[in-house]
Amino acid sequence: MIIAKPEWFTRRKYGGWGLGIKTWQGAAYLAAMFIALIVLIGITSESIQMTLAVTGIWMAFLLVDVFDVMWKLKKDERERIHEAIAERNAAWGMMIVLSLGVFIEVLYNTLNGRVYVNPFVMGALVVGVIIKSVTNYKLERQN
Amino acid sequence: METKIREFRKEQKITQEELAAMVEVTRQTINSLEQGRYNPSLELAYKITKALKKDKIEDVFIME
């Protein structure tokens, strides 16, 4: 169920990803969501399993709503260019740190006679390569 | 890119917000265009030209 409306929010430009509050409706929506979570936790406080389940459902609901708003948020061409450049720069920064992390980990483990690389770090790099390739392929076909 | 958006906008007595709404961009984009800090797409240049009631894109946008 989608409740939040794109006109209540703005793209978060500073301090991470996601949404920023634009109107009082956006602030009221977030306040209502957090009050609902507190009430749900209070109601289910006798069973930890119930609390976890309710929190999980609440998080899923919030994620669906947030992604829906982010998908529908209108951006003009200048904003799209700004967002693309900012995301590219962020991806480069993360890629450099992850690659450095893999290098240091391999070096450290090799010196200690082990062969181990964190699968999540390698996974992030591999997923990045796949997403970049698929995006370029689709864009080349489109225009 | 230099533009005559501000001049023609004043002529038409419309604000940056109003022009932005007419061509479906933000006020900041109109401001950037007026300052010559942003080069628009052909589509946006065309929309702005029509919104300012001018015939040719080159009347509004001056290629240096």
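In what pattern do the helices and strands of chain A follow one another, read along the sequence? The answer is β-β-α-α-α-α, which comes to four helices and two strands for the chain. Before going further I should say that this is a predicted model, and that everything I describe is computed from it or taken from a record, as I will indicate.

Let me stay with chain A for its overall form. Its radius of gyration is 21 Å, whereas a compact globule of 143 residues would have one near 15 Å. Along the principal axes, the C-alpha atoms of the chain fill a box of roughly 55 × 50 × 30 Å. Of the 143 residues in chain A, 4% are buried. As for contacts between residues at least 6 apart in sequence, 42% of those in chain A join residues at least 24 apart.

The domain assignment divides chain A into domain 1, residues 6-72, and domain 2, residues 77-142, and the centres of these two domains, taken over C-alpha atoms, are separated by 29 Å.

There is also a record to set beside this. An unreviewed UniProt entry places the annotation "transmembrane region" on residues 21-44, 50-71, 91-109 and 115-134 of chain A. Taking one of these spans, residues 21-44 of chain A are 83% helix and 4% strand in the model, with end C-alpha atoms 30 Å apart. For another, residues 115-134 of chain A, the figures are 80% helix and 0% strand, and the end C-alpha atoms lie 31 Å apart.

Turning to chain B, UniProt, again in an unreviewed entry, lists residues 5-60 as "domain: HTH cro/C1-type". Over that range chain B is 68% helix and 0% strand, and the end C-alpha atoms are 6 Å apart.

Within chain B, I would like to look at helix α3, residues 27-35, in which B:Thr29, B:Ile30 and B:Leu33 are buried. Why do the buried residues of α3(B) line one face of the helix? Seen down the axis of α3(B), they fall within an arc of 100°, and so they share one face. The general background is that an α-helix has 3.6 residues a turn, so residues three or four places apart point the same way. What covers the buried residues of α3(B) includes β1 (2-3), α1 and α2 of chain B, together with α3 (77-111) of chain A. Just after α3(B) comes B:Gly36, which takes a positive phi of about 75°.

Two lysines of chain B also have positive phi. Most residues other than glycine have a negative phi. B:Lys13, which is not a glycine, nevertheless has a positive phi of about 55°, and its place is in the loop between α1 (5-11) and α2 (16-23) of chain B. Is B:Lys13 buried or exposed? It counts as exposed, because it has 7 C-beta neighbours inside 10 Å, and the cut-off for exposed is 12 or fewer. B:Lys53 has a positive phi near 60° and lies in the loop between α4 (42-51) and α5 (57-60) of chain B. B:Lys53 likewise counts as exposed, because it has 9 C-beta neighbours inside 10 Å.

Finally, the two chains together. How many residues of chain B are in contact with chain A? There are eight, and they meet four residues of chain A. On the side of chain B that touches chain A, the residues divide into three nonpolar, four polar and one charged.

Technical notes
Residues numbered from 1 in each chain as written. Chains lettered and ligands numbered in written order. Predicted model: local features only at pLDDT ≥ 70, side-chain atom pairs only at ≥ 80, totals over all residues. Contact = placed C-beta atoms within 7 Å. Nonpolar A, V, L, I, M, F, W, Y, C, P; charged D, E, K, R; others polar. Domains from an automatic or database assignment. Buried ≥ 20, exposed ≤ 12 C-beta atoms within 10 Å, placed from the backbone. Rg over C-alpha atoms; globule rule 2.2 N^0.38 Å. Arc of directions from axis to C-beta. UniProt positions renumbered as here; feature names shortened; annotations may be inferred.
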